[in-house]
Protein chains: 2
Amino acid sequence: MTAHVAGGDLSRLRQLNADAVVRVLRDEGPRTLTELARLVGLSRASTEDVVQELLEVGWVAEVGPAAGGVGRPARRYRFRADAGQLLGVDVGGHKVLAVVTDLDGTVLHSRQLPVTPELGRSERLAAVDAVVDRVLRAAGLTGDRLWGAGVATTGLVDGSGRVMLSEALAEWTGVDLAGHLRDRVGGPVRVENDCKVAALAETWRGVARHASDMVFILAGWRTGAGLIVGGRLHRGFGNAAGEIGALPAAGWQRAPGHLRHAGDVFAAARTGDKAALTAVRRYVKDLAQGISALVLTLDPELVVIGGGFSRSADVFLEPLRAELDRWCLRTPEIRVSTLADEGVALGAAKLALDLSAGRSYTRSRN
Amino acid sequence: MTAHVAGGDLSRLRQLNADAVVRVLRDEGPRTLTELARLVGLSRASTEDVVQELLEVGWVAEVGPAAGGVGRPARRYRFRADAGQLLGVDVGGHKVLAVVTDLDGTVLHSRQLPVTPELGRSERLAAVDAVVDRVLRAAGLTGDRLWGAGVATTGLVDGSGRVMLSEALAEWTGVDLAGHLRDRVGGPVRVENDCKVAALAETWRGVARHASDMVFILAGWRTGAGLIVGGRLHRGFGNAAGEIGALPAAGWQRAPGHLRHAGDVFAAARTGDKAALTAVRRYVKDLAQGISALVLTLDPELVVIGGGFSRSADVFLEPLRAELDRWCLRTPEIRVSTLADEGVALGAAKLALDLSAGRSYTRSRN
DNA sequence: ACGCCTTTAGATGGAGTCCTTGATATCTCG
DNA sequence: CGAGATATCAAGGACTCCATCTAAAGGCGT
């Protein structure tokens, strides 16, 4: 058992207060000292001291005072999202995508390469290297300047960053992705399943920003899920949480198969094509079985639909809602992801950010 | 959004350290100052100061020094479980059970009354009053001496302690249980679903003490589940987490029906009775569908079987394990609850304890 | 332009908590 | 009975937070 948040030194208190200040500035935007003091619950004097230290270390910066208002103009401070950069990599079957983001999750640079599911292990790793190389060059960064890197890929991933099982990608089981990346970037590296980090991305920058219990559905030619429980990514004891597709009653294995016959089924369905509509209906029926199992288990506030099919959500969202109503005690709100192709990579960057949390807020003493 | 653990006052630091000391003494048993200091990470002098304060306030007590050993004998301190008492009430269909426990969850007194599912609302409430009355009298306590009270009952319960929906108990939907109890006991009162609190009890005093992700199954004439996720009870957005029985593929509604025909099916199955074995097999099959949906969703470390049938677990545990192996990616460890009839009431007491957490550790400054 | 009002900036002293160091106390072992 | 080991107790110093006071910097009315 690790030590909880078990008190400690005086410096720990300062750490907590600095963390609170940073969090407020990050979440609420630029604030004056007086506002900050009220929001974090410290006295003005102490807040000033904390901010002074954060200024020196580079976590915050001063912005021009707000115009208007009575009294002496207050200095205003903002979170310095540009204080560090994060790398997020999405290693998929059909593309490898890497992004460099700032600490707020704004994508600064993005590069990708097309690949195929059949590609061999070393070729895929080479593609990863190439994409990381390019995006770092575009950002004008070397790997050791990064605060951290996150990698997302399909399949089960173990705690050390090794791919334990990947059915969709050739020669991918057993790859030590974290080890591979660690040689190329400084800072910590973490590998995680793509559905899981996509869920992270939705709570960070997506449509689930204020949900503490959320189910993310990756809807595409593969189907998967990522769970946010109690505000945190839920991995499960063996990192296999959310793998409801294994349940035969949840027809996630066969679900996308219904869509395979026509060319662009969704477009056809939009025009009223009977066969396409039937295919979509079948797809939704299978998909809904799995989602309702997840929803009944967790009773989330929100279900977010992402993945490749999400851009056609207008076609199947209503049928899905109706189908869920049949099974769920309380059908949660359903929203469609707006993060497009970058969702997974963005979530990987968030993984990196969480990893580098607890970076020192305090100036090192002499 | 509530304020996280957002730093604050100096006194907050003392609070955290006192909390750490109390937790260590509670979890690890009596310790000397030197051991305590190492375990909580404070200096010896500071630890001494904290313990001194806890002694004055009554959270800890001194015990005789350990015999043997070289050097000056160290004073030893223990957590004072008897510093407060908790009330836990289990309002079920067939019995109403109330316990008074100490802060460690040791049951000091226990009283129960038989009831029937058909009993009217006011009669059931009268039974609750009677049982609470008796157990308090047995403990020599008045209601206002209690630190808190927890109540568990079947059905969905809302945040304010009102029963939103109960199908098993007559006239029970809409009862304001918390309000009813609040008139009779001092301290905070909380109401929760019985499966959920039974899960709590298992992590407190049962077989799941060190599991942070656990699925509790209440197996009886009703079937239900309670979830521990990330070390905490997971309630869900609408307090309906774990209601997987609503999924038709999980045959939890009909599962116990298979057992209804024979008298004591489990006893018969134990003797090799064919019909009984078939009934049990069918029961297990239905039960396993629901459990595997929960397990695939959460990937818990542990599944705990409780409820009335758990005393016959020897008959169905192996078939259940085998059935789960068919569906689960990784079948978790399965254990049988040892808390017997008192599990739910004990969990209710834990509910009360969590409620009164954050009670002051510090002497009030004049 | 000048003074008044309001709000913030910056400085000072005090209180609370923790740490380090050293002196003293008590037990075991030889 | 002394040496060694370990614990208790006390004093001084460092760090963090708070309350309070004075100075500064704007807007606004005259």
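Select A:Asn17 together with DNA strand D: in this predicted model, a side-chain N or O atom of A:Asn17 lies 2.4 Å from a phosphate oxygen of the strand. Add A:Arg72 to the selection. An N or O atom of its side chain is 3.3 Å from a sugar or linking oxygen of DNA strand D. Then bring in chain B by selecting B:Thr34, whose side chain places a polar atom 3.3 Å from a phosphate oxygen of DNA strand D.

Which elements give two or more residues to the surface near DNA strand D? They are helix H1 (10-28) and H3 of chain A, with helix H2 (33-40) and H3 of chain B. H1(A) gives the most, with three residues.

Now display everything around DNA strand D. The strand is surrounded by 23 residues, and the closest are A:Arg14, A:Asn17, A:Ser43, A:Ser46 and B:Arg44. Of the atoms of DNA strand D that come within 4 Å of the protein, 72% belong to sugar and phosphate. Coloured by class, this surface shows eight nonpolar, eight polar and seven charged residues.

**DNA strand C**

Move next to DNA strand C and display its surroundings. Here 23 residues surround the strand, the closest being A:Arg44, B:Arg14, B:Asn17, B:Ser43 and B:Ser46. Sugar and phosphate make up 72% of the atoms of DNA strand C found within 4 Å of the protein.

Three side chains of chain B may be selected one after another, each with a polar atom beside a phosphate oxygen of DNA strand C:

- B:Asn17, at 2.4 Å
- B:Ser46, at 2.6 Å
- B:Arg14, at 2.7 Å

Widen the selection to whole helices. Helix H2 (33-40) and helix H3 (44-57) of chain A, with helix H1 (10-28) and helix H3 (44-57) of chain B, each supply at least two residues of the surface near DNA strand C. H1(B) provides the largest share, three residues. By class, the surface comprises nine nonpolar, seven polar and seven charged residues.

**An annotated span in chain A**

Select residues 20-62 of chain A. An unreviewed UniProt entry places the feature "domain: HTH iclR-type" on this span. The span is 72% helix and 12% strand, and its end C-alpha atoms are 18 Å apart.

**A hairpin**

Proceed to strand S5 (residues 95-101) and strand S6 (residues 107-114) of chain A, which run antiparallel and are joined by seven bridges. Select A:Val99 to find its bridge partner in S6(A), A:Ser110. Five residues lie between the strands of this hairpin, in which A:Gly105 takes a positive phi near 85 degrees.

**A five-stranded sheet**

Next, select strands S11 to S15 of chain A. They form an open sheet of five strands with mixed pairing, in the order S13-S12-S11-S14-S15. Strand S13 (232-233) and strand S15 (333-336) stand at the edges; each has a single partner strand, so one side of each lacks a neighbour in the sheet. Further in, strand S11 (residues 214-219) and strand S14 (residues 302-306) run parallel and are joined by five bridges. Within that pair, A:Leu218 stands opposite A:Gly306 in S14(A).

**Two residues with positive phi**

Most residues other than glycine have a negative phi. Two positions with positive values merit a selection of their own.

At A:Asn239, phi is near 60 degrees. A:Asn239 belongs to the loop between S13 and helix H7 (265-270) of chain A. Is A:Asn239 buried or exposed? A:Asn239 is buried, with a relative accessible area of 10%.

In chain B, select B:Asp299, which has a positive phi of about 50 degrees although it is not a glycine. B:Asp299 sits in the loop between helix H8 (274-298) and strand S14 (302-306) of chain B. With a relative accessibility of 3%, B:Asp299 counts as buried.

**The cysteines**

Finally, select A:Cys195 and A:Cys328. How many disulfides does the structure hold over all chains? The number is zero. Why is A:Cys195 without a bond to another cysteine? The closest cysteine sulfur, in B:Cys328, is 19 Å from the sulfur of A:Cys195, which is too far for a bond. A:Cys328 likewise is in no disulfide, and the nearest cysteine sulfur, that of B:Cys195, is 19 Å away. Both side chains may be inspected for burial: A:Cys195 is buried, with a relative accessible area of 5%, and A:Cys328 is buried, with 8%.

Conventions
Residues are numbered from 1 along each chain as its sequence is written. Chains are lettered from A and ligands numbered from 1 in the order in which they are written. This is a predicted model: local features need pLDDT of at least 70, side-chain atom pairs count only at pLDDT 80 or more; totals for chains, interfaces and linings use all residues. Side-chain values use heavy atoms; hydrogens and water are left out. A residue is near a molecule or strand if one of its heavy atoms lies within 4 Å of it. A polar contact is a pair of N or O atoms within 3.5 Å; within protein, one must be able to donate a hydrogen and the other to accept it, and residues adjacent in sequence count only if both atoms are side-chain atoms. Helices (H or I, at least four residues) and strands (E, at least two) are DSSP runs, numbered from the N terminus. Ala, Val, Leu, Ile, Met, Phe, Trp, Tyr, Cys and Pro count as nonpolar, Asp, Glu, Lys and Arg as charged, and the others, Gly among them, as polar. UniProt positions are given in the numbering used here, feature names are shortened, and annotations may be inferred rather than shown by experiment. A disulfide is a pair of cysteine sulfur atoms within 2.5 Å. Buried means under 20% relative accessible area, exposed over 50%, partly exposed in between (1.4 Å probe, protein chains only). Two strands pair if DSSP finds at least two bridges between them.
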